[in-house]
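This report introduces a protein to a reader who has not met it before. Please look through the sequence and the structure shown here before reading on.

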Amino acid sequence: MNNQQPPIEELDTDVLLELITRGYDAGHLAKLPELHRLARKIEAVHRASPDVPKGITLAIKNLEHTLKDHIERENTHVLTKMVHDQPPRPETPIAQMNEEHSIIKGQLKKLREMTRDYYAPESACRSWRRFYRELKSLDFRLSEQICLERDVLFPRFQF
């Protein structure tokens, strides 16, 4: 008996939508406030250290704001219209979602640059190291989700 999962490209659209909203989106929205608190703590406690990425708290807050707005728009105007493989309407803003994905990817790139690819300096405390680990994980999961949407889900609905 074969218990292997089908390739992600072959998953039912409703399964993909569930993975995106309850798996990825919910996880990102839960993680970002924690990352914001850690960033604020690190910038405050280690402000004298030249290794602290200046402005990291603001960069995290900006990502959180961008992502919340994006998820809300995407769920309301795109994903809910794809349930049960409904044929898309021409006004479904898939192109806008992809543009917003590019903005998010740009914000992630900035975070990678600010943190030297999430490489904590020797002097970093546990909170700082945890912050970088969690941020790297968020970066990976967000990038993975964007690829899933852009390369697997959205092409099913484009004209």
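Of the 159 residues in the protein, 42% are buried (buried means under 20% relative accessible area and exposed over 50%, with partly exposed in between, using a 1.4 Å probe and protein chains only). This is a predicted model, in which local features need pLDDT of at least 70 and side-chain atom pairs count only at pLDDT 80 or more, while totals for chains, interfaces and linings use all residues. Residues are numbered from 1 along each chain as its sequence is written, and side-chain values use heavy atoms, with hydrogens and water left out.

The protein has four helices and zero strands, giving the pattern α-α-α-α along the sequence. Helices (H or I, at least four residues) and strands (E, at least two) are DSSP runs, numbered from the N terminus. Along the principal axes, the C-alpha atoms fill a box of roughly 55 × 45 × 20 Å. Contact means heavy atoms within 4.5 Å; among contacts between residues at least 6 apart in sequence, 77% join residues at least 24 apart.

Helix 1 (residues 13-45) contains His36, which counts as buried because its relative accessibility is 12%. Leaving aside residues up to four places away in sequence, His36 touches Thr57, Ile60, Lys61 and Glu64.

Helix 2 and helix 4 pack with their axes 14 Å apart and at an angle of about 30 degrees (axes are lines fitted to C-alpha atoms, for helices over the stretch in contact, and angles run from 0 to 180 degrees between N-to-C directions). Helix 2 is therefore roughly parallel to helix 4, a term for angles under 35 degrees. In this packing, Ile56, Ile60, Leu63, Leu67 and Glu74 of helix 2 meet Phe131, Leu135, Leu138, Leu142 and Glu149 of helix 4.

Helix 3 (residues 94-114) has 21 residues and should span 30 Å at 1.5 Å a residue, which agrees with the 30 Å between its end C-alpha atoms; the expected span is 1.5 Å times one less than the number of residues. The table lists its two sets of residues.

| Set in helix 3 | Residues |
|---|---|
| Buried | Ile94, Met97, Asn98, Glu100, His101, Ile104, Gln107, Leu108, Leu111 |
| Exposed, on the face turned away from the buried side | Ala95, Glu99, Ile103, Glu113 |

The buried residues cover an arc of only 165 degrees around the axis, so they lie on the same side of helix 3; the arc is that of the directions from the helix axis to the C-beta atoms. They pack against helix 2 (56-77) and helix 4 (126-153). Just after helix 3, Arg116 takes a positive phi of about 55 degrees.

Conventions: Angles under 35 degrees count as roughly parallel, over 145 as roughly antiparallel, 65 to 115 as roughly perpendicular and the rest as oblique.
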